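Q: Could you take me through one part of this model closely, and then show how that part connects to what lies around it? I would like one continuous walk rather than a list.

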Amino acid sequence: MIKQLKLLLISLIISVLIISILMPITLAESLNKPSGQQIFTINCAGCHPHGNNIIRRGKNLKIKALQKNGYDSVEQIKWLVTNGKNNMSAFNDRLTETEINQVANYVLEQAKNNWQ
Ligand code: HEC
């Protein structure tokens with residue numbers, strides 16, 4: 001009986017140890033990861049669902065269009081998002097520089113993955 005109790009106690013301690021090591025890692029991951037995507041969903045997906053463009057169809061976010069129109073680098077996308085162009089408004093008053101950087105990286109990454 002005592003032996004069983006000891007075993008139970010040891011396995012309890014081990015589980016607590018494992019959880020306290022893993023928790024901060026998964027927490028940090030969930031805080032960092034989806035932000036580019038979240039920013040896109042909130043600010044961009046209205047006009048650019050799945051990388052399309054509902055206002056000017058040719059000016060979509062697929063890699064071919066980005067290359068053709070000169071937006072196939074993070075720097076150029078950041079510039080466009082910051083300053084806006086024609087019917088696309090500027091986002092410098094709504095997004096921080098960090099957020100613009102994140103969303104620009106997300107767009108280019110998705111374009112390279114064909115918006116899968
Ligand atoms: C109100 C609708 C609207 C919203 C919201 C919007 N865009 Fe646009 N976007 C446009 C239009 C219109 C163009 C075409 C601009 C032009 O060149 O005349 C465009 C062009 C672009 C291009 C260049 C595409 C190409 O092939 O030339 C990129 C990149 C882009 N948008 C990214 C974004 C991102 C990132 C966001 C969110 C932060 C965003 N857009 C939000 C309407 C929008």
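**The last helix and its surroundings**

A: Let's start in the loop between H2 and H3, where histidine 50 is found. Please keep in mind that the model is predicted. Although histidine 50 is not a glycine, its phi is positive, at about 50 degrees. Most residues other than glycine have a negative phi. Histidine 50 counts as exposed because it has 11 C-beta neighbours inside 10 Å, and the cut-off for exposed is 12 or fewer.

Now to the helix I'd like to dwell on, H5, which covers residues 97-112. A quick geometry check works out well: at 1.5 Å a residue, its 16 residues should span 22 Å, and the end C-alpha atoms are 23 Å apart, so the two agree.

Which residues of H5 are buried? They are Ile100, Gln102, Val103, Ala104, Tyr106, Val107, Leu108, Gln110 and Ala111. The cover over these buried residues includes helix H2 (35-43), H3 and H4.

That brings us to the largest nonpolar core, which has 14 residues. Ile77, Val81, Val103, Ala104 and Val107 are the ones that touch the most other members. H4 and H5 are the elements that give two or more residues to this core, and H5 supplies the largest share, 7 residues. In soluble globular proteins, nonpolar side chains tend to be buried together. For a view from one core residue, take valine 81: leaving aside neighbours within four places in sequence, its contacts are Phe91, Ile100, Val103 and Ala104. Of these, Ile100, Val103 and Ala104 are also among the buried residues of H5.

H5 takes part in the ligand's surroundings too. The ligand has 25 residues around it, with Cys44, Cys47, Asn69, Asn86 and Met88 coming nearest. Helix H3 (63-69), helix H4 (74-83) and H5 are the elements that give two or more residues to this shell. By type, the shell residues divide into 14 nonpolar, 8 polar and 3 charged.

Past the end of the helix, in the segment after H5, sits asparagine 114. Asparagine 114 is another residue other than glycine with a positive phi, near 60 degrees. With 9 C-beta neighbours inside 10 Å, asparagine 114 counts as exposed.

Finally, to step back: the domain assignment gives domain 1 (1-32) and domain 2 (34-116), and their C-alpha centres lie 42 Å apart.

Definitions and conventions
Residues are numbered from 1 along each chain as its sequence is written. This is a predicted model: local features need pLDDT of at least 70, side-chain atom pairs count only at pLDDT 80 or more; totals for chains, interfaces and linings use all residues. Domain bounds come from an automatic or database domain assignment. A residue is near a molecule or strand if its C-beta atom, placed from the backbone, lies within 6 Å of it. Helices (H or I, at least four residues) and strands (E, at least two) are DSSP runs, numbered from the N terminus. Ala, Val, Leu, Ile, Met, Phe, Trp, Tyr, Cys and Pro count as nonpolar, Asp, Glu, Lys and Arg as charged, and the others, Gly among them, as polar. The expected span of a helix is 1.5 Å times one less than its number of residues. A residue is buried if 20 or more other C-beta atoms lie within 10 Å of its own, exposed if 12 or fewer, and partly exposed in between; C-beta atoms are placed from the backbone. Two residues are in contact if their C-beta atoms, placed from the backbone, lie within 7 Å. A nonpolar core is a set of buried Ala, Val, Leu, Ile, Met, Phe, Trp, Tyr and Cys residues joined through C-beta atoms within 7 Å.
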